[in-house]
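Me: I'd like a close look at the empty space in this protein, starting with the pockets. Here's what I have in front of me.

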Amino acid sequence: LIAAQTGRGKSNLVKVMLWEIMNHGKFGMLVLDVHNEYFGSGANKGLKSHPKADRNLVYYSKSPPPGQKKLKVSLRTIDPEDLLGILELSPAQEGALQLYRREFSHDWIKELMREDPQREKEYERKGVQSVTIRSLRRKLGNLFKIRCAEEGEEPYCEDDVFDLEGFGESTIKGIADALERGRGVIIDGSSISDDTGLVIMSAVMREVFRRYEGYKDEGTLQERVQVGVILEEAPRVLGELYGGNIFGRITREGRKFKIGLVAVTQMVSVIPDDEPANIGTKIIMGNEM
């Protein structure tokens, strides 16, 4: 846990920690770079200036510099779980998402965004109201910049980052692979919304958690590198739906699987009391407390 008011050095401390971690290549760390302060640009020194950056740093961006990765994510790799704590969802909406996921597998977002009055009538008989589906279309459409199709047409993504088909289907897996190899992975969040950045991070950490659970079952977990995620939206994501998303699960169970989380916040008091109790190291900088 790193807590301090604005301008007291939270991000700089995280940058220094990541710089040191990159010296070793033994820790995979994921960070969303919302203000372009970690990777560095122009005269602003960042992790790209590290002497081992070529080997131990991977950068994903909508417009990547030479040698870095294009941020392109297929929505086929996103699960309803990745939206918890990021989108405000009612129990009925969560149930509808799970229904679409069960019936349409990885194409659940595409099918949800497709206008189909006949299907909506069938779902009403299953207890899913049309108003629930329309509300979800609006929320997912705003989140992923999806143009909702009229009846008989195909929905499509207006944003270059997301795709409803197979383009970018290997991105989540590729980021998880880099973390497993002990790389620092920075996702450029300056050209996407905070919400979409958090959804991508959630999908990545869900994939890492799935793999590391398997390694523990196989008895090979000790051979794997430690993996962690920097969560700068800590109060919101951990506070609204504690335990309901992958970040809450990491704070509770992560250390058993060599997965950690660095929660960065302005105020500790807005995080539920049981969350800090699960965090072993606390760095309190400039704070009103």
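Which element gives the largest share of the lining of the largest pocket?

Reply: That's E10, which puts five residues into the lining. Keep in mind that this is a predicted model. The protein averages a pLDDT of 88, and 90% of the residues score at least 70.

Let's stay with that pocket. The largest pocket holds about 540 Å³ of space. Its lining runs to 26 residues, and the closest to the centre are Gly-260, Leu-261, Val-262, Ile-279 and Thr-281. Besides strand E10 (226-231), the elements that each supply at least two lining residues are helix H1 (10-22), strand E2 (27-33), helix H10 (246-253) and strand E11 (259-265). As for chemistry, 17 of the lining residues are nonpolar, eight are polar and one is charged.

Now compare the runner-up. The second largest pocket has a volume of about 390 Å³. Its lining takes in 20 residues, with Lys-10, Ser-11, His-35, Glu-37 and Glu-232 nearest the centre. Some of the elements will be familiar: H1, E10 and E11 each give at least two residues here, and so does helix H8 (194-218). H8 gives the most, with three residues. The mix by class is seven nonpolar, seven polar and six charged residues.

Then there's the enclosed space. Rolling a probe the size of a water molecule over the atoms shows where empty space is left. Counting cavities of 30 Å³ or more, you get one, and the largest cavity has about 60 Å³ of space. Its lining is made up of Leu-18, Ile-21, Met-22, Phe-27, Met-29, Val-31, Leu-47, Leu-57, Arg-183, Gly-184, Val-185 and Ile-186. H1 and E2 turn up again, each with two or more residues in this lining, along with strand E9 (184-188). Of the cavity's lining residues, 10 are nonpolar, one is polar and one is charged.

While you have the model open, have a look at how some of the helices pack, with H6 as the common partner. Helix H3 (residues 91-104) meets H6 at an angle of about 80°, and their axes are 10 Å apart. Since angles of 65 to 115 degrees count as roughly perpendicular, H3 is roughly perpendicular to H6. On the H3 side, the contact is made by Ala-92, Gln-93, Ala-96, Leu-97 and Tyr-100, while H6 brings Thr-132, Ile-133, Ser-135, Leu-136, Lys-139 and Leu-140. By class, that contact has seven nonpolar, three polar and one charged residues.

Helix H5 (residues 117-125) also packs on helix H6 (residues 130-144), this time at an angle of about 125° and with the axes 9 Å apart. That angle makes H5 oblique to H6. Glu-120, Tyr-123 and Glu-124 of H5 touch Ser-130, Ile-133 and Arg-137 of H6. The classes here are two nonpolar, one polar and three charged residues. Ile-133 is worth picking out, as it is listed in the contact with H3 and in the contact with H5.

One last thing on confidence, element by element. Helix H7 (residues 171-180) has the highest mean pLDDT, at 97, whereas helix H9 (residues 234-240) has the lowest, at 59.

Methods
Residues numbered from 1 in each chain as written. Predicted model: local features only at pLDDT ≥ 70, side-chain atom pairs only at ≥ 80, totals over all residues. Heavy atoms only, no water. 1 Å grid on protein atoms, 1.4 Å probe; cavity = no way out; pocket = protein on both sides within 12 Å on 5 of 7 lines; lining within 4 Å. Points joined across faces, edges and corners; volume = space filled by probe spheres on them. Helix = DSSP H or I, 4+ residues; strand = E, 2+ residues; numbered from the N terminus. Nonpolar A, V, L, I, M, F, W, Y, C, P; charged D, E, K, R; others polar. Axes fitted to C-alpha atoms, helices over the stretch in contact; angles between N-to-C directions. Parallel < 35°, antiparallel > 145°, perpendicular 65-115°, else oblique. Contact = heavy atoms within 4.5 Å. pLDDT = per-residue confidence, 0-100.
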